[in-house]
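Please go through this model with me, one question at a time. I would like the reasoning along with each result.

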Amino acid sequence: MGAANGRREALTVVALCVAWYALSSASNVVGKLAMTDFPYPLTVTMVQLLSLVAYSAPALSACGVRREPDFPRAYYWRTLVPLAVAKFFTTMFSQVSIWKVPISYAHTVKATTPLWTALLARVLLGERQPRGVQAALLLIALGVGVASATELHFDALGLGAALAAAALLSLQHIYSKRVLRDTGVHHLRLLQKLGRLALVLLLPVWAVAEGGAPWRLAGASDAPRLAALLAADGALAWLQAVAAFSVLSRVSPLAYAVASAAKRAAVVGASLVVLRNPAPPLNLAGMALAALGVLAYNRAKLHARRAPPLPI
């Protein structure tokens with residue numbers, strides 16, 4: 001019975017990963033098309049958060065997902081609010097990156113997530129990384145450096161936004177996993193909670209920075225097409241977030257890192273095929289080197305977990 005349950009759970013994770021990869025690829029391509037003609041990253045971010053909140057409520061009720069627990073006030077402000085702010089800025093920086101640079105390059109830069117994870121573990125937890133992990137991190141940095149040096153559409157803002165998104169994503173993974181473990185909240189309720197908080201907290205920021213964007217959209221000559229792209233982007237972003245949180249709730253942070261690395265490769269491949277972005281051979285080599293570094297990092301971390309910890 002235990003073996004059958006294990007196989008069923010493994011098949012569930014595989015199915016969720018396949019859905020996650022497909023939805024993330026579609027979301028990035030649609031988002032790129034929308035941002036090309038409607039360059040308002042804060043507005044696109046708010047559409048995604050609004051979609052998350054609007055779709056989650058009826059979907060979770062229809063599926064009978066248990067209600068969220070009553071979080072202590074101190075925990076609410078100490079953990080959930082910073083997580084919600086991090087989610088907003090992660091989404092916003094992701095939109096800026098795919099607006100300014102090709103999706104393939106943006107996701108190559110986001111492969112630096114393990115670098116940020118190692119740095120945060122060092123700063124927050126005092127962890128030192130073994131030599132194998134350090135070598136893999138250098139390989140990732142080298143690959144991203146080669147890809148950046150040969151990128152035909154290099155943009156400093158796009159690079160900075162992708163790096164910021166990777167750093168904030170690492171922080172989100174660490175603390176979201178901790179919240180799931182400490183509170184027992186259902187992972188989809190946590191996703192809904194963070195989306196709702198981010199939407200409310202950052203609404204004034206959007207109103208000041210891009211409050212006039214809806215009027216510009218209404219006055220555009222291709223308004224119906226842009227509105228359809230934004231609606232599709234919001235729905236796809238919600239679905240891929242549901243898939244991602246479902247995977248995160250079922251596997252260890254290391255296994256999630258492996259799955260996330262594979263997802264980035266799928267998104268890069270899909271964007272190159274669908275959008276036909278030009279990429280010179282050396283640029284592709286840098287992307288491949290960064291992906292190889294991520295795989296080496298995950299392998300080194302697996303071995304490090306089996307070995308005694310290094311002294312601080």
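The questions below deal with the nonpolar cores, one helix and the aromatic pairs.

This is a predicted model, in which local features need pLDDT of at least 70, side-chain atom pairs count only at pLDDT 80 or more, and totals for chains, interfaces and linings use all residues. Residues are numbered from 1 along each chain as its sequence is written, and side-chain values use heavy atoms, with hydrogens and water left out.

Q: Which helix gives the most residues to the largest nonpolar core?
A: A nonpolar core is a set of buried Ala, Val, Leu, Ile, Met, Phe, Trp, Tyr and Cys residues joined through side-chain atoms within 4.5 Å. Buried means under 20% relative accessible area, exposed over 50%, and partly exposed in between (1.4 Å probe, protein chains only). The largest such core has 26 residues, with F88, V179 and L190 making the most contacts inside it. Its top contributor, with eight residues, is helix 8.

Q: Which residues does V179 contact, leaving aside its neighbours within four places in sequence?
A: Contact means heavy atoms within 4.5 Å. With those neighbours set aside, the partners of V179 are Y75, T79, L80, L83, G184, V185 and L190.

Q: Which residue caps the N-terminal end of helix 7?
A: Helices are DSSP runs (H or I, at least four residues), numbered from the N terminus. At the N-terminal end of helix 7, a side-chain oxygen lies 3.0 Å from the backbone nitrogen of L157. That oxygen belongs to the capping residue, D155.

Q: What is the phi of G184, the residue that follows helix 7?
A: Helix 7 has 28 residues and reaches 40 Å from its first C-alpha to its last. G184 comes after this helix, and its phi is positive, near 75°.

Q: Why is the pair of Y55 and W238 classed as tilted?
A: Rings of Phe, Tyr and Trp (its six-membered ring) pair if their centres lie within 6.5 Å; planes under 30 degrees apart count as stacked, over 60 as edge-to-face and the rest as tilted. The structure holds seven aromatic pairs. In this one the centres are 5.3 Å apart and the planes stand at 50°, so the pair is tilted.

Q: How many residues apart in sequence are the parts that Y55 and W238 tie together?
A: W238 is buried, with a relative accessible area of 15%, while Y55 is partly exposed, at 36%. Y55 lies in helix 2 and W238 in helix 10, so the separation in sequence is 183 residues.

Methods:
Helices (H or I, at least four residues) and strands (E, at least two) are DSSP runs, numbered from the N terminus. The expected span of a helix is 1.5 Å times one less than its number of residues. A polar contact is a pair of N or O atoms within 3.5 Å; within protein, one must be able to donate a hydrogen and the other to accept it, and residues adjacent in sequence count only if both atoms are side-chain atoms.
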